[in-house]
Amino acid sequence: MGLKDDLERYREVGEERRQDLAEFIQYGDLGQSRGDEVRIPIKIVDLPEFAYDQRDKGGVGQGEGAQPGDPVGQPQPQPGDGDEDGDPGEEGGEHEYYEMDPEEFAQELDEQLGLDLEPKGKKVIEEKEGDFTDITRTGPSSTLDFERLFKQGLKRKLAMDFDEDYVREALRVDGWGPATVFEWARGKNIPVSKAWIDDAYDDIPADEKGTWDSIEEMEENVDQVSTPQRIRREGVDEIPFRREDERYRYPEIVEEREKNVVVVNIRDVSGSMRQKKRELVERTFTPLDWYLTGKYDNAEFVYIAHDADAWEVDREEFFGIRSGGGTRISSAYALAAEILEEEYPWSEWNRYVFAAGDSENSSNDTEERVIPMMREIPANLHAYVETQPSGNAINATHAEEVERSFRDSDNVAVAYVSSPEDVVEAIYEILSTEDDG
């Protein structure tokens, strides 16, 4: 088997594992996994192995009893192994499960569903010094931005530079004095000061102060040298530094933010929530828990059960609770709002509020109480999952009302699950809404 064949087989293994993941979410025994470890049952796969060439007779390290073509490093069959007579094994093989942590589970699910959810950190856990990118007017000499100071000085040098010899020749024009030369220089945009002209005029010998009959004659016989030409020829003797040009570098303050998330899971446990409905709730919520645990640095979960009233439960009870009583969904949102306000401030926590049930609710509770509460609870995402194995009941309108009220919202998802086959699509509907948001 060649390398190309090996790579193709490994690709097939990866695809089969993704198929196993989808089947596991839909039909698998989710209870075999824990919050920090997901056990995915996989098909037994024969991976490529190295084998000795048939022409190789013997060789170092084959061991006693080895035959040409035996896989490297694999124990030789012993009596009673494999298909020989003997009692069948009673223990399950660990190799039949692929164990992954929630982070790997989230990556696999992202790849399978085509998602790219990138959580944002909220709570500041550390402030540290980053690169020296910010500038201030004061600071220790060791942080002086000399490169900037040099550039500023060089700019000033270029802005103030002029051809001194050219201006001196203008002072030799017959009848011209410092005032006339200064006006002439301003007209030609020569950056020379009146004081410099006065000093230069005093330095010219009296017998040279009539060398040129006119300025036109001087300009015709004397070439003005530009600043770039002069610098290339003579270089720069000095750069005029000034205090006002000094700048000091200091490090940018970088905030490290922890990616915190609180997930509020709400489930209806009223009398209408029969076993099949409960199973669909658990099959949808469990992978969502694993996914968000893998996506965030710190994930906390709040579990709320409700019938006509609501109460907080632990995870084990949430995924195994029985049904009974009437229905008032707003009681759960009221409790969720209270817990979030007291323990998980919106400024520090990403929030997800997931609710599930069969869409049956007490009269007017959805419109008058639940929907206003959903608008008032800040969250990255609100989601409602309707579980109706036999299709919508006549009075099962909660999901439709929520969907209608939040049709234009980018942080509310409604999903419908009537069988295990709908679970993966429901999870995609929920998570892709957050992705778009």
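Which strand do seven bridges join to S10? In this predicted model, the partner is S7, spanning residues 260–268, and the two strands run parallel. Within this pairing, Val 261 lies opposite Asn 350 of S10.

S10 also pairs with S11, which covers residues 381–387. Six bridges connect S10 and S11, again in the parallel sense. Here Tyr 352 has Leu 381 of S11 as its bridge partner. Between S10 and S11 the chain passes through helix H12, residues 365–376. The resulting β-α-β crossover is right-handed.

Burial of S10 was examined next. Eight of the eight residues in S10, residues 350–357, are buried, so the strand is largely enclosed by the rest of the structure. In a regular strand, side chains alternate between the two faces of the sheet. Both faces of S10 are covered. One side carries Asn 350, Tyr 352, Phe 354 and Ala 356, and each of these is buried. The other side carries Arg 351, Val 353, Ala 355 and Gly 357, which are buried as well. Asn 350 and Tyr 352, on one side of S10, are thus also found in the bridges: Asn 350 opposite Val 261, and Tyr 352 with Leu 381.

Helix H13 comprises residues 398–405. Its buried residues are His 398, Ala 399, Glu 401 and Val 402. Viewed down the axis of H13, they fall within an arc of 165 degrees, so they line one face of the helix. These buried residues pack against H12, S11 and strand S12, the last spanning 412–417. H13 therefore contacts, through its buried residues, both the crossover helix H12 and the strand S11.

Note on methods. Residues are numbered from 1 along each chain as its sequence is written. This is a predicted model: local features need pLDDT of at least 70, side-chain atom pairs count only at pLDDT 80 or more; totals for chains, interfaces and linings use all residues. Side-chain values use heavy atoms; hydrogens and water are left out. Buried means under 20% relative accessible area, exposed over 50%, partly exposed in between (1.4 Å probe, protein chains only). Helices (H or I, at least four residues) and strands (E, at least two) are DSSP runs, numbered from the N terminus. Two strands pair if DSSP finds at least two bridges between them. A crossover is right-handed if, with the strands pointing away from the viewer, the path from the first strand over the helix to the second runs clockwise. The arc is that of the directions from the helix axis to the C-beta atoms. Contact means heavy atoms within 4.5 Å.
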